[in-house]
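The following exercises concern the geometry and packing of a single protein model. Please attempt each task before reading its solution.

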Amino acid sequence: MATLWLDDDGKWHTSLRGRQILSDPRLNRGTAFSDAERHQLGLTGLIPPAHVTLDQQVHRVYAQYQRQRDDLARNVMLTEMHDRNEVLFYRLLITHLTEMLPIVYTPTIGQAIKSYSHEYRRPRGVYLSVDHPELIEESLLATGQAGPDVDVIVATDAGAILGIGDWGVGGIHIAVGKLAVYTAAGGIDPNRTLPVMLDVGTDRQSLLDDPLYIGNRHPRVGADEYDEFIDAFVAAVQKLFPRAMLHWEDIGLSNAWRLLNRYRDTFLTFNDDIQGTGAVNLAAALAAVRATGSALGDHRIVIFGAGTAGTGIAEQLRSQMIADGCTAEEATRRFWALDRQGLLTNDMPGLSPAQLSWARDPAEVSGWRRNTDLYPSGGTSLSNPPPGGIDLLEVVSRVHPTILIGTSTRSGAFSREIVCEMAAHVDRPVILPMSNPTELAEATPADLIGWTDGRALVATGSPFEPVDHGGHRYVIGQANNALVFPGIGLGVIASRAARVTDGMLAAAAHAVAGLTDATSRGAPLLPPVSELRETSAAVAAAVVRAAWRDGVARTMLDGDLIRHVRSLMWEPAYQPIVLE
């Protein structure tokens with residue numbers, strides 16, 4: 001039987017030879033193999049004779065990348081490179097991180113997910129089927145990775161992909177993309193990660209009708225069968241990979257909070273859509289609050305879009321208010337949340353437990369203008385809720401929020417009328433349109449800066465170019481979860497934390513906020529994507545300290561934490577190959 005394993009010094013040990021070497025992306029280095037390596041590994045004659053360095057390879061493939069016709073073609077090219085030569089892929093990605101992050105992750109990855117079955121080339125990760133839960137352990141073992149060899153697992157059921165919803169088995173792309181960011185931004189060794197697709201079916205009829213769809217061809221299973229499947233998966237992870245952090249990704253609202261609450265106190269688990277989104281938004285809010293000169297607990301916050309992300313953001317902000325001295329009741333009353341029904345009130349049927357946490361007493365809003373007063377025909381969207389609902393303009397007019405956060409995936413929902421109404425009552429309105437992809441943002445920074453004459457403090461979920469207004473340039477910080485989750489993962493690895501605590505999440509947010517100074521006009525609320533590896537090191541060090549304080553660290557570290565976590569960060573370089 002062929003062998004392949006990585007020792008503690010970073011050397012690959014293998015019994016593979018010839019084309020088997022070239023077929024394994026972990027070992028393949030193409031024309032960078034030396035003559036001696038070609039002879040030892042049985043590659044003589046299988047590679048063109050020229051010898052090039054890794055940097056020269058990066059130069060060549062970047063030129064190929066630039067020749068691609070569009071972003072989806074660039075994504076496909078990078079995916080193929082990832083499958084062919086992993087070191088080259090990551091060296092290219094890290095070298096051009098600002099440019100390529102939107103290609104390997106949001107927003108372009110959404111296009112790749114939609115076309116997954118039609119563009120399918122090579123499997124990556126583990127595919128677990130709800131129809132065969134008895135195969136979970138066997139499937140995880142088929143990766144060849146042993147218990148101590150996995151640090152991070154990203155698992156998705158593809159129930160709520162980005163802003164595009166349920167896309168079934170194509171969701172494996174989101175797990176693979178997330179782990180690529182863990183490596184590029186946080187230095188997590190890609191050989192110690194595992195993407196997992198939890199295929200529980202799909203409710204998207206176009207997939208069920210597509211003869212080329214390669215996932216389970218049935219609707220999503222009910223709650224009981226779903227929970228039994230997830231429990232079996234978590235039990236297998238605990239047994240096989242006891243040191244790994246299980247990262248939940250793009251789980252639908254009906255399941256996301258329930259899974260997080262079920263496992264967070266007994267298992268090393270993390271939900272980026274809830275906790276990561278909450279942490280990066282807390283970072284933006286902390287930077288903005290510092291610029292306004294007021295305490296977070298004094299702000300009035302409207303959340304437009306009370307799904308997984310919106311409720312996660314509210315939870316993180318409320319936790320910080322409580323840490324700052326507010327009571328839980330006082331903090332909760334600083335929030336107004338809207339979803340498809342309009343402003344959430346606790347007499348509304350069908351609200352999730354997470355939404356009920358933010359619902360207002362209907363008596364408070366008894367005199368507020370209802371949707372029927374404006375739109376007799378009613379509506380079905382966040383911007384135009386059904387008859388009887390209270391829309392965003394009315395909430396802004398009544399509440400006079402100081403912070404407006406969008407997680408609705410409703411393009412243009414923050415209209416000029418709404419923004420001007422907010423700005424009429426607030427000197428420095430904090431406006432955070434978080435939805436992505438870019439075309440789903442609730443407003444563009446150019447409009448927000450223009451409508452408020454440069455007074456708005458703005459961060460966005462998608463990347464935007466700087467805005468020139470009134471003789472000043474406004475740099476727009478991107479509230480990308482990549483600012484926090486790679487550093488959280490690195491901090492967990494460095495401390496060998498048993499849990500991801502609220503204190504660790506807050507520490508990550510404070511670390512990010514501390515890297516910027518938004519008090520000067522036009523300064524961004526968040527650090528740039530180009531400095532993600534430096535940001536991740538700062539976040540990791542803060543997470544390690546918080547893990548100590550919270551009593552969950554299993555490794556105690558002394559001295560310069562930043563230097564230590566940097567020493568743990570994987571760098572893409574060709575490592576020696578030892579013949580077995």
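**Exercise 1. The start and surroundings of α5**

Task: Determine which backbone nitrogen a side-chain oxygen of Asn85 reaches at the start of α5, and establish which residues of α5 are buried.

Solution.
Step 1. At the start of α5, a side-chain oxygen of Asn85 comes to within 3.4 Å of the backbone nitrogen of Val87. The criterion for a polar contact is a pair of N or O atoms within 3.5 Å; within protein, one must be able to donate a hydrogen and the other to accept it, and residues adjacent in sequence count only if both atoms are side-chain atoms. Helices (H or I, at least four residues) and strands (E, at least two) are DSSP runs, numbered from the N terminus.

Step 2. The model is predicted: local features need pLDDT of at least 70, side-chain atom pairs count only at pLDDT 80 or more, and totals for chains, interfaces and linings use all residues. Residues are numbered from 1 along each chain as its sequence is written, and side-chain values use heavy atoms, with hydrogens and water left out.

Step 3. Buried denotes under 20% relative accessible area, exposed over 50%, and partly exposed in between (1.4 Å probe, protein chains only). The buried residues in α5 are Glu86, Val87, Leu88, Phe89, Tyr90, Leu92 and Leu93. Because seven of the 10 residues of α5 (residues 86-95) are buried, this helix is largely enclosed by the rest of the structure.

Step 4. The buried residues of α5 pack against α3, α4, α6 (97-104) and α10 (172-186), where contact means heavy atoms within 4.5 Å.

**Exercise 2. Two crossings of α3**

Task: Classify how α3 is oriented to α5 and to α4, and list the residues that meet in each pair.

Solution.
Step 1. Axes are lines fitted to C-alpha atoms, for helices over the stretch in contact, and angles run from 0 to 180 degrees between N-to-C directions. Angles under 35 degrees count as roughly parallel, over 145 as roughly antiparallel, 65 to 115 as roughly perpendicular and the rest as oblique.

Step 2. The axes of α3 and α5 come within 10 Å and cross at roughly 70°. The two helices, α3 and α5, are therefore roughly perpendicular to each other.

Step 3. From α3, Leu54, Asp55, Gln57, Val58, Val61 and Tyr62 meet Val87, Leu88, Arg91 and Leu92 of α5. By class, this contact of α3 with α5 has seven nonpolar, one polar and two charged residues. Here Ala, Val, Leu, Ile, Met, Phe, Trp, Tyr, Cys and Pro count as nonpolar, Asp, Glu, Lys and Arg as charged, and the others, Gly among them, as polar.

Step 4. For α3 (residues 54-66) and α4 (residues 71-84), the axes come within 9 Å and cross at roughly 150°. Helices α3 and α4 are therefore roughly antiparallel to each other.

Step 5. Val61, Gln64 and Tyr65 of α3 meet Arg74, Met77, Leu78 and Met81 of α4. The residues of this contact of α3 with α4 comprise five nonpolar, one polar and one charged.

**Exercise 3. The sheet and the helix across it**

Task: State the strand order of the open sheet of five strands, and describe the helix that lies across β4, β6 and β7.

Solution.
Step 1. The order is β3-β5-β4-β6-β7, with parallel pairing; two strands pair if DSSP finds at least two bridges between them. The edge strands, each pairing on one side only, are β3 (126-129) and β7 (269-271). Neighbouring strands of this sheet are turned by 25° against each other on average, direction ignored.

Step 2. Three bridges join β6 (residues 245-249) to β7, and the bridge partner of His247 in β7 is Phe270.

Step 3. Helix α22 (residues 485-495) lies across β4 (152-156), β6 and β7, and runs at about 160° to β6. Of the 11 residues of α22, 11 are buried. Arg496, which follows α22, has a positive phi near 50°.

**Exercise 4. Asn271 and Asp250**

Task: Is Asn271 buried or exposed, and where does Asp250 lie?

Solution.
Step 1. Asn271, found in β7, is buried, with a relative accessible area of 1%. A polar atom of the Asn271 side chain lies 3.0 Å from the backbone nitrogen of Asp273. Not counting residues up to four places away in sequence, Asn271 touches Trp248, Ala256, Leu260 and Gly276.

Step 2. Asp250 lies in the loop between β6 and α13 (253-263). Although not a glycine, Asp250 has a positive phi of about 55°; the residue is buried, with a relative accessible area of 4%.
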